[in-house]
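Dear colleague,

I am handing over the structure that we spoke about, and it is placed directly below so that you can have it open while you read. My notes on what was found follow after it.

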Amino acid sequence: MYRIKYFLGVSFLLSVLFVGSCAKQMNVKTEEVTTTNQKNTSGLTDASTCSPQILFISDRNGNGDIYSYNPISLETKSFAIADSSINDLAYNRYSNTVVFLQQVSGKKNLYKKDIVSGEVSFLMESPAEEIPAWSPEQNVIAYSKKIGTEQYSLVIQNLTTQSIQVIYEKALQPLEPNWSPDGAKLVFTLTDSLNNADIAIINPDGSDFKNLTKTEKIEGNPSWNPSGEKLLFFRMIDNHANLFEYVIDTDELIPLTYGQKNQFFGKYSSDGSKIVYVGDTDGNWDLFMMNSDGNNKSQLTFNPAFDGNPIWLPCK
């Protein structure tokens with residue numbers, strides 16, 4: 001099933017978390033799956049021995065597993081195949097690991113996969129319903145903590161000292177925090193009513209809070225471009241989600257996708273030239289890619305299964 005948020009009786013997919021059955025233990029393997037025969041229309045070229053990878057969650061194997069997609073070679077490979085469904089994933093630049101959330105024996109656990117060695121190990125029991133956001137500069141996470149039945153707080157936790165600080169309170173939905181590339185700020189979704197969710201930024205110590213969009217619309221899933229000068233998020237218009245770019249210094253809002261089909265969960269590539277995102281293809285969810293200015297859109301996956309939650313694995 002998918003986790004759905006409801007606003008004024010209209011449901012829409014705000015956080016694509018694939019929920020599956022539980023398993024007694026974690027068992028991950030990696031294997032090559034397929035190579036498409038599509039032409040490379042991404043504009044990316046293999047200029048070195050390292051190519052950027054897109055990681056995503058798919059249930060094409062009957063389970064929520066992690067796969068990788070190479071936008072240059074067009075190869076799709078399994079990255080982490082588990083005994084029970086993987087719900088979400090994130091890249092931890094500080095430790096150069098991929099962290100993923102999995103429900104095991106009734107508990108939501110976090111596991112990590114080392115990018116260099118490929119070793120998978122248990123990290124910690126998840127402190128939140130969704131996967132935390134990892135600071136790029138230190139061993140610190142940000143996440144939403146549910147308070148009572150209807151409110152959420154934005155929490156910063158230092159995993160070295162185990163100190164915890166609440167930096168924002170009384171949101172009505174999970175806040176989807178995301179660290180800026182330099183670790184100096186957090187962007188998050190601020191839901192303050194049943195029909196309004198804005199994009200806001202704040203310092204990790206709770207200072208300098210700013211509501212950036214202040215609209216009567218529903219927005220969410222914010223992320224930064226590599227320079228930290230722009231944000232990417234979706235906005236609901238006429239019950240359909242489309243992607244917008246926001247320039248922080250000028251407040252300029254630039255539409256990147258259009259149409260009557262939901263397009264959201266966008267992430268900039270590590271060089272800022274591309275955006276990978278999720279689109280609705282006649283009731284199915286697939287991955288798409290476009291230039292960061294919204295041009296050169298192309299579909300990446302064509303599997304009848306669910307494909308979503310994409311992130312970029314940087315070329316190192």
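Which residue in E12 stands opposite Ala133? The residue is Ala142, and I return to its surroundings below, after a few general remarks. Please keep in mind throughout that this is a predicted model.

Overall picture

The secondary structure of the protein comes to 27 strands and 0 helices. Of its 316 residues, 54% count as buried, and the protein exposes about 13900 Å², of which carbon and sulfur atoms supply 47%. Among the contacts with a separation of 6 or more, 40% are accounted for by residues 24 or more positions apart.

Strands

The pair Ala133 and Ala142 belongs to an open sheet of 4 strands, in the order E11-E12-E13-E14, where the pairing is antiparallel. Strand E11 (133–134) and strand E14 (164–171) each have a single partner strand and stand at the edges, so one side of each is left without a neighbour in the sheet. E11 is joined to strand E12 (residues 140–147) by 2 bridges.

Strand E24 (residues 274–281) gives another picture, because 7 of its 8 residues are buried and it is therefore largely enclosed by the rest of the structure. Strand E23 (residues 263–268) runs antiparallel to E24 and is joined to it by 4 bridges, with Gln263 standing opposite Gly279. The hairpin of E23 and E24 has 5 residues between the strands, and in this hairpin Gly272 takes a positive phi near 80 degrees. E24 is also joined to E25 by 8 bridges, again in an antiparallel manner, and here Val278 stands opposite Leu287. In the hairpin of E24 and E25, which has 2 residues between the strands, Asp282 takes a positive phi near 55 degrees.

Nonpolar cores

In soluble globular proteins, nonpolar side chains tend to be buried together. In this model, the largest nonpolar core has 44 residues, of which Ile54, Leu55, Ile66 and Leu89 touch the most other members. Strand E25 (residues 284–291) supplies the largest share of this core, with 5 residues. If neighbours within four places in sequence are left aside, the contacts of Leu55 include Ile66, Tyr67, Phe79, Leu89 and Val98, as well as Asn309, Pro310 and Ile311. Another core, of 16 residues, lies apart from the largest one, and among its members are Leu154, Ile156, Ile167 and Leu186.

Aromatic rings

A search of the whole structure finds 11 aromatic pairs. One of them is formed by Tyr111 and Phe122, which meet edge-to-face at 5.7 Å centre to centre, with 80 degrees between the planes. This pair links distant parts of the chain, 11 residues apart, with Tyr111 in strand E9 (residues 107–114) and Phe122 in strand E10 (residues 120–125). Tyr111 counts as buried because its relative accessibility is 7%, whereas Phe122, with a relative accessible area of 47%, is partly exposed. Elsewhere, ring pairs link Phe234, Phe264, Phe265 and Trp285 into a cluster.

Two charged side chains also deserve a look alongside the rings. Lys113 lies over the face of Phe79, at 4.0 Å from the ring centre, and Arg235 lies over the face of Phe244, at 5.5 Å from the ring centre.

With best regards

Note on methods. Residues are numbered from 1 along each chain as its sequence is written. This is a predicted model: local features need pLDDT of at least 70, side-chain atom pairs count only at pLDDT 80 or more; totals for chains, interfaces and linings use all residues. Side-chain values use heavy atoms; hydrogens and water are left out. Rings of Phe, Tyr and Trp (its six-membered ring) pair if their centres lie within 6.5 Å; planes under 30 degrees apart count as stacked, over 60 as edge-to-face and the rest as tilted. Buried means under 20% relative accessible area, exposed over 50%, partly exposed in between (1.4 Å probe, protein chains only). A charge sits over a ring if NZ of Lys or CZ of Arg is within 6 Å of the ring centre and within 35 degrees of the ring normal. A nonpolar core is a set of buried Ala, Val, Leu, Ile, Met, Phe, Trp, Tyr and Cys residues joined through side-chain atoms within 4.5 Å. Contact means heavy atoms within 4.5 Å. Accessible areas come from the Shrake-Rupley method with a 1.4 Å probe; for residues, only the protein chains shown count as cover. Two strands pair if DSSP finds at least two bridges between them.
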